[in-house]
Amino acid sequence: MPQGIRRRSLLQGLSGAAGVSLLGGAVAQDAPRRLPIPPLLDARAQGGRIELVAQPGETEFWPGVASATAGYNGSYLGPTLRVHSGDEMRVRVTNQLQEDTTVHWHGLLVPSAVDGGPHNTIAPGARWEPVVPVRQAATTAWYHAHPHMRTGPQVYAGLAGMLIVTDAHEQGLRLPSRYGVDDLPLVLQDKAFGRDRRMVYPSGHMQAMHGVHGNAMLVNGVPQPVAPVPAGLVRLRLLNAGNARLLDIAVDDNRAFHWIATEGGLLREPVSLRRLSLAAGQRAEILVDFSDARPAGMVSLAAQGRSLPVMRFEPQGAATSAAALPARLAQWESPPAARTARRRRLVLASGGMMMGGMGGMGGMGGMGGMGGMGMHTIDGRPFDMRRIDQRVRLGDAEIWEVTADGMVMPHPFHIHGVHFEVLSRGGQAPVVEDQGRRDTVIVDETVELLVRFTQPAGERAPFMYHCHILEHEDMGMMGQFTVA
Ligand SMILES: [Cu+2]
């Protein structure tokens, strides 16, 4: 692609960084780097033990320019964890940061005592050693920092990684599963870079309202990388680990791909799509057919047909014939919607009074935040660590009706410790992209969710429900519930 075009489309992706002097066209002039593959920590290969160290570091997102970052077992992001369903993960997390942190297993159905929410605090220098039982179908989950009012800056600094659950059923389907070869973990994040090419966490009114958006896309920590792939069917595990940006993933030659899994695991059958929206916190698995051996780019589409480049794929070797795909992927039973225990209504709202100070540009060294608790609410109240907002009976299925009030932007709504299915959207039947078992859903109009509560949560460490725009969450758009 001519440099001029790449440069223009990157600049058009700029948003949400008002008041910050951001990097301009020089970004796209570097030769693309190869996609790095995070190291794989297979729990079974290590006797079920997983060792994570949350640590500060420095990362060269651009050659020769170090940014202050944080990561697990490294300077930015963390290893990919893989665990077999039925096993336990015996985790040891050591906090080498200068501030409290937690590690939340986003997508695992586990008791709240080991869920890693804001009550499971790990003080600087301390260790957390939960035993995490994994009893769910194969899926692409992730783990990330979730400390009280500091989730935005900590995840932005790099405290996130992928977590793959596998099981015998999924392995029997013979989907592409050679890690880093034809089964690629793709941690997608947009980051803001200043004119000096250092990563910044812009914090102003725009970010407080809309969340932090960047001016460049990183995949596994590298700006717009290129990945060699086999000429055949390639499985991409997509994780939107950005703080706020809603991605709309497509292949730049407009080829169709097979969507095979949501946050909760495999779909009942593959769905052919040409674009797939992925809100902050959401995951999807897709199969892209590169058997024609033609290189292609992944982009995030935006309004008026403009797009943000994400990465490129370069098939190796000669064209082959497309591999066959299983017609059926998974089966599960949904609880009957007519026999749910109760209905709850939740209203997400933005734009309340600002109570905290809005800092200037927070340098990543201090991982400065925005403050402002109370700017965003659920049911008219900002999050309060000491207040239980909902009490649910263990084993119940319920309908949660979630609405966005005075819509500023769509809110990705996440519930800890559950899977749900979308029953309706805007009073209509759900759209194609709503199908499957989910833990995070885009709320742009009223959605009805059928939620099954199978994991216990006590008063001391309840489960969370919140907007996954991390600045909305940090500033109050969160509630908590017990399950007993
Ligand atoms: Cu939100």
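**How much of the protein counts as buried?** What percentage of the 484 residues of the protein count as buried? In this predicted model, the share is 61% of the 484 residues. The secondary structure comes to five helices and 33 strands. The protein exposes about 17,900 Å², and carbon and sulfur atoms supply 50% of that area. Take the contacts with a separation of 6 or more: residues 24 or more positions apart account for 77% of them. With that overview in hand, let us move in to the close-ups.

**Close-up 1. Three side chains of the protein hold donors for the copper ion.** Here you can pick out His 411, which offers ND1, Cys 467, which offers SG, and His 472, which again offers ND1. These protein donors lie 2.0 to 2.1 Å from the copper ion. Along the chain, the donors follow the spacing H-x55-C-x4-H. Are Cys 467 and His 472 buried or exposed? Cys 467 counts as buried because its relative accessibility is 0%. His 472 counts as buried too, because its relative accessibility is 0%.

**Close-up 2. Five strands line up in an open sheet with the order β26-β33-β32-β28-β30.** The pairing in this sheet is mixed. At the edges you will find β26 (390–392) and β30 (440–443), each of which pairs on one side only. From one strand to the next, the twist averages 25 degrees. Follow strand β32 (residues 463–467) and you will see four bridges joining it to strand β33 (residues 478–483), with the two running antiparallel. One place to look is Phe 463, whose bridge partner in β33 is Phe 481.

**Close-up 3. Strand β28 meets the edge strand β30 in the antiparallel sense.** Strand β28 (residues 411–415) and β30 pair over four bridges. In β30, Ile 442 is the bridge partner of Pro 412. Which way do the residues of β30 point? Thr 440 and Ile 442 point one way, while Val 441 and Val 443 point the other way. This is a handy place to recall that side chains in a regular strand alternate between the two faces of the sheet. All four of these β30 residues, Thr 440, Val 441, Ile 442 and Val 443, are buried.

**Close-up 4. Arg 237 takes part in salt bridges with Asp 183 and with Glu 285.** In the pair with Asp 183, the closest N and O atoms are 2.8 Å apart. This pair links distant parts of the chain, with Asp 183 in strand β11 (residues 183–193) and Arg 237 in strand β16 (residues 233–240), 54 residues apart. Both Asp 183 and Arg 237 are buried. Between Arg 237 and Glu 285, the N to O distance is 3.3 Å. Here too the pair links distant parts of the chain, since Glu 285 belongs to strand β21 (residues 283–289), 48 residues from Arg 237. Glu 285 is buried, as is Arg 237. Widen the view a little and a network of salt bridges appears, linking Glu 170, Asp 183, Arg 235, Arg 237 and Glu 285. The whole structure holds 33 salt bridges.

**Close-up 5. Asp 384 and Arg 386 meet in a salt bridge.** The N to O distance between their side chains is 3.2 Å. Asp 384 counts as partly exposed because its relative accessibility is 22%. Arg 386 counts as exposed because its relative accessibility is 76%.

**Close-up 6. Val 65 sits in strand β3 (residues 65–72).** With a relative accessible area of 15%, Val 65 is buried. Which residues does Val 65 contact, leaving aside neighbours within four places in sequence? They are Thr 59, Glu 60, Asp 196, Arg 197 and Arg 198. Arg 198 is 133 residues from Val 65 along the chain, and the C-alpha atoms of the two are separated by 6.6 Å.

**Close-up 7. Another open sheet runs in the order β15-β23-β22-β17-β20.** Five strands form this sheet, and the pairing is mixed. β15 (226–230) and β20 (275–278) stand at the edges with a single partner strand each, so one side of each is left without a neighbour in the sheet. Neighbouring strands are turned by 30 degrees against each other on average, direction ignored. Strand β22 (residues 296–301) pairs with strand β23 (residues 307–316) over six bridges in the antiparallel sense. To find your bearings, look for Ser 300, which stands opposite Leu 308 in β23.

Note on methods. Residues numbered from 1 in each chain as written. Predicted model: local features only at pLDDT ≥ 70, side-chain atom pairs only at ≥ 80, totals over all residues. Heavy atoms only, no water. Donors = N, O, S within 2.8 Å, 3.2 Å for Na, K, Ca; no water. Buried < 20%, exposed > 50% of the residue type's maximum accessible area, 1.4 Å probe, protein only. Pairing = 2+ DSSP bridges. Axes fitted to C-alpha atoms, helices over the stretch in contact; angles between N-to-C directions. Contact = heavy atoms within 4.5 Å. Areas by Shrake-Rupley, 256 points an atom, 1.4 Å probe, with all protein chains shown as cover. Salt bridge = Lys/Arg side-chain N within 4 Å of Asp/Glu carboxyl O.
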